[in-house]
Amino acid sequence: MAQVVFTFGDDVSTDAIYPGRFMATVLPTETPQFAFADYTELNTKLKAGQVPPGSVLVAANNFGCGSSREQAASALKGYELIIVAKGFARIFLQNSANLGLRTIICPDIAAAEGDDLEITATRVLNKTRGTAHPIVPLPKARQDIIDAGGLIAYTRKRLMEKHAKA
Amino acid sequence: MGMTLVQKILARATGQRTVAVGDVVEPAVDLAMSHENGALVMNQFFEIYQGTGLEPKVWDPSKIAIVLDHRVPAETSKTATNQKKIREFVASQGIGRFHDIRGDEGGICHQILPEHGYTLPGQVIVGTDSHTTSHGAVGAFAFGIGATEMAGVWSLGSIFNVEVPATVKVVVKGALPPRVLPKDLILHLIGALSAEGANFKVIEFHGSTIASMSMSGRLTLCNMSVEAGATSGMVPADAETERYLREEAGVTGPLDMLAPDPDAEYARVVEIDASTLVPQIACPHTVDNVKGVDAVSGVKVHQIVIGSCTNGRLDDLEVAAEILRGKRVAKGVRMLVFPASWRIYRQALKQGFLADLIDAGAVIMNPGCGCCLGVHEGALGDNEVALSTTNRNFKGRMGNPKSEVYLCSPAVAAASAVAGVITDPR
Ligand code: SF4
């Protein structure tokens, strides 16, 4: 069971997820402290360890729009959050697959803070409300990267294959 | 069935006769651009090689460009150290297209690439920056990627798992009225499409207005296409592309003037009559919150910004200088000007535009991203309002979540600087 810890509207930008002023910090081990830095309550809870891994952020359309900064995905990955949204912006979705951050595309998701969700392969079940919401599967291309354990592992494998052939 | 421009480019980059929308392809990359975030790319690049027993070596140092622009000169020791690591990496890997913090070669990446003739029609260009869409202005397929993806490109020279995007065709006809600029056109389009209206799609620009628009204006359009969610904005190469690349960018080699087929299939066609446009303003805190200038004229501003990869080129500085010549920036207003490159800075100096702006009270900053992303200089105070020619107005973008940013053309910015409130420049 996964609990919804925060809900957002449309167009949550990467400036909101990871403000530009912290962009000189790049290492995935260091970025989580600045996740949602300007949402003081959420940021404080995250840093205090009050949000267990596997907790869910629910958003509407176009989550992760704006800058390509990978820190936005690595900061959320640091807390092993799951993002369930009606839709995502392209670069953020790709960065998430590359880094292993779980993103669930769920066009008619309806959930409030505190709701308990169960995420299956095809649906998000809102246990609190007794509703079910279908998931749009990730494109196969992205799923392959996730299955390989992220883009670093995927690229490493490809690199080794290339050198084995050469 | 004919192909759109992006289909044609991807077919060629993958050695196929045709590709269909939705196909997953792995095109070879012609140009891979990074800026300060090259430091993170390096980190991921070395991680890929970990445990492989192979020596970390980029696939082709001649196809990698790195431009220091986001925090120049460095504002903290942390940034300076990252920039130093990048310099060392560039030297050890033999990367040729490196633009350091120097008056003879520096500027914003999205200006430096076209200006130096690195970007060509028909290329596949990736950059670790969302505004890499800019380079579609020369007829390339150019899009933003993350740092780890770029590390993959540096390793293998191709970009994995690209889905061939559908295309929105935007046809613009009619002459833009005086002091209505390409920025007003793209703001209008973003307002009409919404911030996600072109998500996962490419925008292809056509029509008589585009045909007679300079490369500078086309760069503005393609730059901001990402604000409608587009993977890339593209202008098929034409006479102006050739003129720009030959005369301004010094390209001497052959040009591949790839064009979409007349019977290409588009996801949507949007038609705009440019002659009816008025100056547009993107209001806080989303870029698609676009209104005609009338709706917000009179709003008091504290900081005016002219610059960035969107509107820091010579024609932008020219229109601002023209409006401000012999006038003064209103009391209580700071006006900051960031030319997009040092080449533009020198041209504007020579033509007297910078003197006009300084005489009016503007502060000329060194070329670079400046205050566009709120990390370096020109931050806003609590409850202050900025009117800026940059491309994003998200909450906190200019360094302070308690401030507001309105986006506009350089003509609106200059006229408003004089009045101290948002003003119609016509
Ligand atoms: S000027 Fe602004 S939008 Fe352009 S590259 Fe720099 S930070 Fe990004």
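**Exercise 1.** How do the residues of the shell around the ligand divide into nonpolar, polar and charged?

*Solution.* The model is a predicted one, and the first step is to list the residues that surround the ligand, which are His70(B), Ile108(B), His110(B), Asp129(B), His131(B), Ser308(B), Cys309(B), Cys369(B), Cys372(B), Leu373(B), Asn391(B) and Arg397(B). The second step is to sort this shell by residue class, which gives 5 nonpolar, 5 polar and 2 charged residues.

**Exercise 2.** Describe the fold of chain A, beginning with its helices and strands and ending with its overall dimensions.

*Solution.* Begin with the count, which is 6 helices and 7 strands in chain A. Next, follow the sequence of chain A, along which these elements come in the pattern β-α-α-β-α-β-α-β-β-β-β-α-α. Then compare the radius of gyration of chain A, 16 Å, with the 15 Å that the globule rule gives for 166 residues; the two values are close, so chain A is as compact as a globular protein of that length. Finally, taken along the principal axes, the C-alpha atoms of chain A fill a box of roughly 55 × 35 × 25 Å.

**Exercise 3.** Work out how many residues chain A and chain B bring to their contact, and what area is buried between them.

*Solution.* Count the residues on each side, which gives 43 from chain A and 47 from chain B. Turn then to the area buried between chain A and chain B, which is about 3900 Å², with carbon and sulfur atoms giving 59% of it. Of the area that chain A buries against chain B, 16% is supplied by Arg90(A), Ile152(A) and Leu159(A), more than by any other three residues.

**Exercise 4.** Which helices of chain A each supply at least two residues of the side that touches chain B, and what polar links cross the interface?

*Solution.* Start with the links: 19 residue pairs are in polar contact between chain A and chain B, and the rule finds 3 salt bridges across this interface. One salt bridge joins the side chains of Asp15(A) and Arg397(B), at 3.4 Å from N to O; Arg397(B) is also one of the residues surrounding the ligand. As for the helices, α4 (90–99), α5 (140–147) and α6 (151–165) of chain A each supply at least two residues of the side that touches chain B, and the largest share, 10 residues, comes from α6(A). The last step is to classify the residues on this side of chain A, which divide into 18 nonpolar, 13 polar and 12 charged.

Note on methods
Residues numbered from 1 in each chain as written. Chains lettered and ligands numbered in written order. Predicted model: local features only at pLDDT ≥ 70, side-chain atom pairs only at ≥ 80, totals over all residues. Heavy atoms only, no water. Contact = heavy atoms within 4.5 Å. Buried area = accessible area lost by both parts, 1.4 Å probe. Salt bridge = Lys/Arg side-chain N within 4 Å of Asp/Glu carboxyl O. Polar contact = N/O pair within 3.5 Å; in protein donor to acceptor, adjacent residues only side chain to side chain. Helix = DSSP H or I, 4+ residues; strand = E, 2+ residues; numbered from the N terminus. Nonpolar A, V, L, I, M, F, W, Y, C, P; charged D, E, K, R; others polar. Near = heavy atom within 4 Å. Rg over C-alpha atoms; globule rule 2.2 N^0.38 Å.
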